Amino acid sequence: MLEERESKEPAMNLFQTNEFKETPFLPVSPEEVPPRPPSFPKKPSPKICGSNYPLSIVFIVVNEFCERFSYYGMKAVLTLYFLYFLHWSEDTSTSVYHAFSSLCYFTPILGAAIADSWLGKFKTIIYLSLVYVLGHVIKSMGALPILGGQMLHTVLSMVGLSLIALGTGGIKPCVAAFGGDQFEEKHAEERTRYFSVFYLSINAGSLISTFVTPMLRGDVQCFGKDCYALAFGVPGLLMVIALVVFAMGSKIYRKPPPEGNIVTQVVKCIWFAISNRFKNRSADIPKREHWLDWAAEKYPRQLIMDVKALTRVLFLYIPLPMFWALLDQQGSRWTLQATRMNGNLGFFVLQPDQMQVLNPFLVLIFIPLFDFIIYPLVSKCGINFTSLRKMAVGMILACLAFAVAATVEIKINEMAPPQPDSQEIFLQVLNLADNEVKVTVLGDENNSLLAESIKSFQKMPHYSKLHLKTKSQNFHFQLKYHNLSVYTEHSVEEKKWYTLIIREDGKSISSMMVKDEENKTTNGMTAMRFVNTLHEEINISLGTDTSLSVEEDYGVSAYRTVQRGEYSAVPCRTKNEEFSLNLGLLDFGAAYLFVITNSTSQGPQAWKMEYIPANKMSIAWQLPQYALVTAGEVMFSVTGLEFSYSQAPSSMKSVLQAAWLLTVAVGNIIVLIVAQFSSLVQMDMDM
């Protein structure tokens, strides 16, 4: 999550000052704009405990902690919200997630322009924070199941996310720079330490929220489902606190006035140089040493020289979008991967979206580790570990992280149950009669396609694969029970899973075909259905406000998904009595069939069969890929800014800030395009 970093002084080593992951740099006014007297308080700002640290930075640091908690907490559960609340596909969820992330890194340009050219940093933060809060309120309303249907939820979600992107992106280039404005020039050392504290507040907010909000989503039930409204509402409340805390310090802030937008002037200078060059394409006009020299008719020489230096630095930014495209998939594809893994670590059970907490946690460890141990050791070995070499190693580590992630994905797919192909079905037989039944599946010419003897309540170890001649087909079954031979017929469709349930029918037997759950439950939850052999309808309470009715005499319920856990006493009731069922442990990703019987003196019991196995691969196997990508992030991201800022002129700092954020946006667009292309390819394969 070291998406951006703060730059304080041109020659400052960012590693030694533990630069933070958000990079609102101090904008520098262009030389042709005359300086205006700052509107600072005439008397010195109050200090913290007699030190040289202004009291105003306390409000700014607390504001940043709450804002980052708000942003990363909301974002941690966003992909699963798309997938399981709005019921979008994995590719669509990934695409919208990265479209939102991209928008969050386009809007800082707007925020910087508003602050530099119109309102100033303080008013920009206040006004856009109000937009930010409104976005959270609308987003939380869109997660309330009782509020309208899916279309309304989708509209509210998109409006809320758009406002959040405008708010978080708009204040991003302002907050840290505004904190730097609170220090007098003679207190440069204290200002440097402030930036380190500011960085820690960002990581602390990210770390805590990424851990807490998935718990609010999964461990709390709202209207019988995961509580996304609470998971979005708590970050919204933190943003309200951030706004209130920031506003409380209004009277003691130093508030420099707007100084003009250097980004606009750079763009205009480049555009004029290009257009002027094309207007003067005649062979009679002498060529100029550099293409930017064609702006000399309108812009001062110093600005042109600075823009030249800027373009040389921007050349280094070419690989950045690809790096962000890899890094930002932690919140989308890696989270989806975690839903198909087992989160039980023995001492703690992790939700899939809680794995993202590893990134800020490892960032806090790796920055001092690299700064004080690894880099000094490399230097003592006589290796000249230049900035460009660090960036190259960082990119290699990021690529290795995705190689590891791919290996984990391959292993997960190997452990997953196979899928029926075209003109194939998977079939299992569940014998609920009181004695053994021999089941024979007959082909068109009465040839035996499958023959099995199945004992009463025998748990089948696997499904049997049957081939179809068309996309849908009728199968004939011969059931031998005692001295009876019963023939029946059932229709099936390709690429489906079926269970043939054999039941007692007086002194004979009969059968019914039910379509099973898909071959996997990708949300990390567990799926279940019930067969009721009693002569009364049963109402089963699976959680708060969630009940499931199963009709009498071998009624088969719909599927329900619940959180992983022990279900030792599930309340049930019929018309005449109340009782509880012990369902045992329902594990990650598994699908269960429960047959409710009353064959003992202990009352109704639940016979349990797991027909889709639980996720076997531990979520701990994601740790290496998170460690590698975070190490690559520390080496590539921080070093890239350190190098580019040491090479760029001081007047171009704000332009580099905008360019850096744009690379993050472009990286997310790359993932969005790839996800959409993947979706189209999948559609073509299914057709």
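**Helices, sheets and selected contacts in the model**

The side chains of N276 and E297 are joined by a polar contact of 3.3 Å. This contact, like every feature reported here, comes from a predicted model. N276 belongs to helix α8, which comprises residues 262-279. With a relative accessible area of 11%, N276 lies under the 20% limit and therefore counts as buried. The residue that makes the contact with E297 is thus a buried one.

A second polar contact involves T210, a residue of helix α6 (residues 188-219). A polar atom of the T210 side chain is found 2.6 Å from the backbone oxygen of S206. T210 has a relative accessible area of 0%, so this residue is buried. In an α-helix there are 3.6 residues a turn, so residues three or four places apart point the same way.

Two helices were compared with the span expected of a straight helix. Helix α9 covers residues 301-314, and its 14 residues should span 20 Å at 1.5 Å a residue. The end C-alpha atoms of α9 are 20 Å apart, which agrees with that expectation. Helix α3, residues 90-141, gives another result: a straight helix of 52 residues would span 76 Å at 1.5 Å a residue, whereas the end C-alpha atoms of α3 span only 23 Å. A bend of about 120 degrees is found in α3 at L119.

Several residues of α9 are buried, namely L303, I304, D306, V307, K308, A309, L310 and V313. One of these, A309, can be related to a distant part of the chain. M652 is placed in the loop that links α14 (623-647) to α15 (653-686). Although 343 residues separate M652 from A309 in sequence, their C-alpha atoms are 8.7 Å apart in space. M652 has a relative accessible area of 0% and is therefore buried, as is A309.

An open sheet of four strands is built in the order β5-β4-β7-β8, and its pairing is antiparallel. At the edges stand β5 (448-454) and β8 (484-493), each of which pairs on one side only. From one strand to the next, the twist averages 20 degrees.

Within this sheet, strand β4 (residues 437-442) pairs with β5 in the antiparallel sense, and six bridges are found between them. On the β5 side, the residue opposite K438 is S453, and the residue opposite V439 is E452. Strand β4 also runs antiparallel to strand β7 (residues 472-481), to which six bridges join it. Here V441 has F477 of β7 as its bridge partner. Five of the six residues of β4 are buried, so this strand is largely enclosed by the rest of the structure.

The pairing continues from β7 to β8, which run antiparallel and are joined by 10 bridges. One opposing pair consists of Q473 and V492, the latter in β8. The strands β7 and β8 form a hairpin with two residues between them, and in this hairpin H482 adopts a positive phi near 55 degrees.

Another open sheet of four strands follows the order β6-β3-β9-β10, with mixed pairing. Its edge strands are β6 (464-467) and β10 (508-515), and each of these pairs on one side only. The twist from one strand to the next averages 30 degrees. Four bridges connect β6 with strand β3 (residues 424-431), and the two pair in the antiparallel sense. In this pairing, F426 has K465 of β6 as its bridge partner.

Cysteine residues were examined last. Disulfides were sought as pairs of cysteine sulfur atoms within 2.5 Å, and by this rule the count is zero. The surroundings of two cysteines can be described by their accessibility. C174 has a relative accessibility of 1%, which is under 20%, so this residue counts as buried. C381 has a relative accessibility of 61%, which is over 50%, so this residue counts as exposed.

Notes: Residues numbered from 1 in each chain as written. Predicted model: local features only at pLDDT ≥ 70, side-chain atom pairs only at ≥ 80, totals over all residues. Heavy atoms only, no water. Expected span 1.5 Å × (residues − 1). Bend = angle between axes of the 7 residues up to and from the residue. Buried < 20%, exposed > 50% of the residue type's maximum accessible area, 1.4 Å probe, protein only. Polar contact = N/O pair within 3.5 Å; in protein donor to acceptor, adjacent residues only side chain to side chain. Pairing = 2+ DSSP bridges. Axes fitted to C-alpha atoms, helices over the stretch in contact; angles between N-to-C directions.
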